[in-house]
Amino acid sequence: SFIIDRTNPSINSIFPVEGAVYNYSCIDVNVTFDSGNAWFIFNGLTYSLPQLICTPFSEGGNTIEIYVNDSAGNIDNQNVTFTVDTLAPEIQFVDPTEIDNSFINRNNILVNVTASDSGSGLMEITTYIYDSTLTLINLNNYLGSPNFMDFNSLADGTYYFNAIACDNVGNCNSTGTRTVTIDTIAPIITILAPENRFYNQTIYFEVSTNEPVSSCVYTVNSNWGSIYAMDSITPTQIRSQMDDTILQTFDGGQSYFGLINFSCSDFGGLSSSNSIWYGVDTVPPAITLNSPVNPSYDTRTILVNITSLEDIITPRWAFNPPVIPYVDAQAIWYNLNGVDYPYVLGDVRFNRGSNSLTAYVNDSAGNINSASVTFSVDLPVTIIDSGIYGVEYPYNVSEDVTNINFVDSFVLNNSN
C-alpha cells in the first residue's frame, strides 16, 4: 500500500520579516514549517537551514527565497524582502550657525543643523548647549531637518554647543562641539605708561586691559593722522615705544605737551579708548650760583644763594589744556668738598683754605644742570699785646671769641 501526498508543506514564519529594516547586517535566517527540509537562496547561493552562523547581508534592500519540502517531494517557497541600514545619518552645521572659537557681542547664539538618512530615514535632530562648566543649560529636539535654534538671554561667558541626529532604527551621528564666547562689554583700558608727567628720554607706551584684546593702537595729536599699532606682551598687556628723537619731531622743538589716545578692540568687536597728557622736555633748567662767587673771602661764614629758572611750556592746543604737574626746579642741592647737601638759602660756614662748591638742579623731566665755583677762605691775622713783658700774640680776628686769657711764664735771671 502507499499514500499519495500532494499537499505542499506549510511555512509558518520567516525571519527576517518582510519589509523590516535592521541596523545590523549579519542576520540569522530562521524558518518554522510543518515538516521536511528548508533552505534559502541569496545572491545565487544556497544556504541550508537552520543556520549555524549568521549570513552577512548587503547594506540597503535584500531579497531571499525560502524553500521547504516534505518527504513526498512537495515544495513550498516564499520570498522575503527586507532592508539593512547600519549607516548613521549625515549631519552638519549650516549658516547662520556661529563659527567655532568665535566671539560675539550679543546675548544669543544661533545654531542651525541639517541631517539626512538614505536608509531607514531621519527620525530627529537634537541640539544641546552647555555653559563654561559644561553644564547642560538647554536643548531642542526636532523631528525633521533642519533644526534651527536661537538660544537667547545668555549672560556673558563661554558656551559650547553640538547636535545629534538619529535615524528610525537607532543609528546616530553627531556634530563636533563648537565654542562661542559672548562678550557684550567693551574692554577697560588702564594706561601704564606714559604717566601724567614730563620725559626726557625714551617713552614706553603701555596699557593693560581687563580681557584679551585683538588689537590696540594709539595716536598722538601732535602728529595728526598717524595711527601706531602696539605689540602684545600678553593677551591683556600691550606695549610700544617711541624715543625722544621721534617725539621731538612732532612739534619741531625740544619741549612740548602731547596727548596720547589708546584704542583697543576685543575679539567681539567692541572698542574703547583712554587718553592721557604727557610732556617732553629735553632742555635742562638754567642755574645761577649767585653766592659764593669771589675768589677769596676773609670770613668763614658765607651766604649760599642758588637760583634756577626754566621756561614754562605752554600747549599748542588751546581747546583742552593739559594738566601736568610741572616743577621748574624739582630739586636743588650742592656738593661741597665731596659731600652733598640739600640747598637752603642762608649762611654756610666753610673751611679755611680752598673750597669747591658745585650746585645742581633738576626739573620734573629729569634734566640736570650744574654750576661750580672754587674759592678760598683767608682769615686776617692781628697782633694782640698781652701786656706782659711786651709779649705779642697773633690772633685771627674773624674767630668767634668771647674771652682771651694770657698765661705767660718766664725765668727770672738774678745773675745781675
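N43 lies in the loop between strand 5 (37-42) and strand 6 (45-49), where strands are DSSP runs of E with at least two residues, numbered from the N terminus. The structure is a predicted model, in which local features need pLDDT of at least 70, side-chain atom pairs count only at pLDDT 80 or more, and totals for chains, interfaces and linings use all residues. Residues are numbered from 1 along each chain as its sequence is written, and side-chain values use heavy atoms, with hydrogens and water left out.

**Backbone torsions**

Most residues other than glycine have a negative phi, and most peptide bonds are trans. N43 is not a glycine, yet its phi is positive, near 55°. N43 is also exposed, at 62% relative accessibility; exposed means over 50% relative accessible area, buried under 20%, and partly exposed in between (1.4 Å probe, protein chains only).

L134, likewise a residue other than glycine, has a positive phi of about 65°. L134 is located in the loop between strand 13 (122-130) and strand 14. Its relative accessible area of 58% places L134 in the exposed class.

**Cis peptide bonds**

Two bonds that precede proline are listed below.

| Peptide bond | Configuration | Omega |
|---|---|---|
| S145 to P146 | cis | near 5° |
| S291 to P292 | cis | about 5° |

P146 belongs to the loop that connects strand 14 (136-142) and strand 15 (147-151). P292 is in the loop between strand 28 (286-291) and strand 29 (296-297).

Notes
Helices (H or I, at least four residues) and strands (E, at least two) are DSSP runs, numbered from the N terminus.
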